[in-house]
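Me: I'm new to this one and would like a short walk through it. Can we start with one strand and work outward from there?

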Amino acid sequence: MEGEVEWIYRGDPQEGQSAPLVQFTNGKLKNPENMNFTLYRNKDINNPRKKNYTILNAETDRLSYVGNNFGAGALKCNTLCRYFVGVLDEPSGQMEVYNAELFNMQPLISDDVADNDLSEYLAKSYREKVDLCIEAFGTNKQRKALNSRRMNEVRKEVLNKAVIKAAEDVIETKGAAALIHDAAEDEKTDVSLVLPPCHEDAKKPEDVYKFEDLISPAEYEALQAPAAVFMNVTAADILKMTEEKSYCSFVLDELKSMPLDEKSYDHKARCLWFFDCLVKLNSQKVVKKKHAMGPTCPNIISNKLVKTFTALSYGNGRIQNLISASMKVKITAYAIALALHINHFQTNLTVLQRDLKLRENKILDIAKAMRLKISKSKNLFGLEEHKLGTLCLPLPAQKVPSRNKKRKLN
């Protein structure tokens with residue numbers, strides 16, 4: 001029949017999208033052909049809440065308009081009604097019908113529009129640009145997180161100002177020289193926490209790091225039983241221990257030159273067995289309190305090692321005895337002090353370094369902090385240079401390392 005129009009429903013112009021219909025809050029357009037429209041769609045198609053977010057921008061010579069289908073300014077009617085737009089082809093009499101969405105266009109008014117607006121935006125950091133996007137398009141959870149972070153930054157800034165003000169007051173009251181002296185004293189105190197007690201006024205080398213501060217009389221008595229393994233040791237026994245790697249290199253080397261006197265022999269055997277315990281303890285990260293050094297280790301020795309050279313830490317749902325970096329320094333310092341007593345107050349730091357698996361500069365720093373004199377020595381074949389640490393009186397002045405000193409790593 002002539003003059004009839006046939007409707008053909010085409011659905012969405014593109015999958016998941018609708019054609020925009022606009023209405024203006026401040027009136028009707030007189031010249032719609034002079035208007036430029038731009039449609040922005042959210043790229044996050046995987047998020048069901050965001051995949052249909054759309055912003056429509058309209059530009060005229062005098063004013064800009066913006067409308068969106070989400071947020072507080074979105075029209076509620078889009079959720080209650082369906083809109084359609086039809087495109088009529090007059091020659092064929094067919095009208096193609098598409099889904100549509102209504103946008104409420106509001107004028108965009110800015111009080112400080114300037115030519116440098118874009119340059120000011122480009123000068124912002126990536127973090128600031130992301131924050132602006134969260135303010136405009138973020139979810140309630142994202143906006144709360146943004147506000148919380150900004151409040152934390154404000155609190156941090158206030159705290160920093162308070163600390164700076166307090167520091168300025170202290171400097172003004174005490175003076176910079178007094179503060180530098182206090183910092184040096186604090187550094188000495190920090191170092192003393194990991195070093196054996198040092199008696200600077202001692203008249204003899206054996207009294208600088210007293211043997212009783214390393215091994216108490218009760219502990220020394222308990223060492224008799226486990227140290228019996230070193231009594232009357234033969235060259236074949238030492239060779240077997242070396243092959244089985246039962247003990248560290250320092251102990252095996254010292255067993256080759258045991259004293260002839262029975263009392264001195266027994267004393268050195270006890271010291272070597274305790275020294276080997278320190279080396280084995282240093283190789284661990286977490287120590288079990290029960291049988292920390294094996295079933296042959298006396299309880300008094302095991303308890304002393306755990307109490308002196310471990311720190312309590314919480315991990316894996318329980319409290320653990322952890323050997324931290326500072327505790328490894330403490331073990332090394334006590335091992336050096338014991339080695340000095342074993343070797344008449346001169347010891348091979350290179351051998352200790354290898355047994356304790358340290359860098360050379362690390363063990364040298366500890367030896368210098370213990371006020372040892374560092375020297376060099378060739379081995380028997382002259383092929384390798386070893387570092388020796390010697391305890392000499394009077395003790396050299398203690399040098400406090402700079403906190404900001406940078407060291408090159410080999």
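Reply: Strand β4 covers residues 54–59, and 5 of its 6 residues are buried. Buried means under 20% relative accessible area, exposed means over 50%, and partly exposed is in between, with a 1.4 Å probe and protein chains only. Strands are DSSP runs of E with at least two residues, helices are runs of H or I with at least four, and both are numbered from the N terminus.

Me: Before going on, what kind of model is this?

Reply: This is a predicted model: local features need pLDDT of at least 70, side-chain atom pairs count only at pLDDT 80 or more, and totals for chains, interfaces and linings use all residues. Residues are numbered from 1 along each chain as its sequence is written, and side-chain values use heavy atoms, with hydrogens and water left out.

Me: Ok, back to β4. In which sense does β3 pair with β4?

Reply: Strand β3, residues 36–41, pairs with β4 in the antiparallel sense over 6 bridges. Two strands count as paired if DSSP finds at least two bridges between them. L39 stands opposite L56 of β4.

Me: And how many bridges join β4 to β5?

Reply: There are 5 bridges between β4 and β5, which is residues 64–68, and these strands run antiparallel. A hairpin of 4 residues connects β4 to β5. L56 appears here too, standing opposite G67 in β5.

Me: Which way do side chains point in a strand?

Reply: In a regular strand they alternate between the two faces of the sheet.

Me: What about N57, buried or exposed?

Reply: N57 sits in strand β4 and counts as buried because its relative accessibility is 12%. A polar atom of the N57 side chain lies 3.1 Å from the backbone oxygen of Y65.

Me: What does N57 touch?

Reply: Leaving out residues up to four places away in sequence, N57 touches N36, F37, T38, Y40, Y65, V66 and M105. Contact here means heavy atoms within 4.5 Å.

Me: Switching to helices. How many residues does α11 have?

Reply: Helix α11, residues 262–282, has 21 residues and reaches 31 Å from its first C-alpha to its last, close to the 30 Å expected. The expected span is 1.5 Å times one less than the number of residues. Since 16 of the 21 residues of α11 are buried, the helix is largely enclosed by the rest of the structure.

Me: What is at the start of α11?

Reply: A side-chain oxygen of D261 comes to within 3.3 Å of the backbone nitrogen of K263.

Me: And how far does α13 reach?

Reply: Helix α13, residues 325–342, reaches 26 Å from first to last C-alpha over 18 residues, close to the expected 26 Å. In α13, 15 of the 18 residues are buried, so this helix is also largely enclosed by the rest of the structure. H344 follows α13 and has a positive phi, near 60 degrees.

Me: New topic: how many salt bridges are there?

Reply: The count comes to 12 salt bridges. A salt bridge is a side-chain nitrogen of Lys or Arg within 4 Å of a carboxyl oxygen of Asp or Glu. Side chains of opposite charge can pair when their charged atoms come close.

Me: Where do E157 and K161 lie?

Reply: Both are in helix α4, residues 140–174, and they are 4 residues apart, about one turn of the helix. Their side chains form a salt bridge at 3.6 Å, N to O. E157 is partly exposed at 44% relative accessibility, whereas K161 is exposed at 53%.

Me: Which residue forms a salt bridge with E200?

Reply: E200 pairs with R371, and their closest N and O atoms are 3.2 Å apart. E200 lies in the loop between α5 (176–192) and α6 (211–214) and R371 in the loop between α15 (360–369) and β12 (373–378), so the pair ties together parts that are 171 residues apart in sequence. E200 is exposed at 51% relative accessibility, while R371 is buried at 8%.

Me: Last one, how many helices and strands does the chain have?

Reply: The chain has 15 helices and 13 strands. Of its 410 residues, 34% count as buried.

Methods. Polar contact = N/O pair within 3.5 Å; in protein donor to acceptor, adjacent residues only side chain to side chain.
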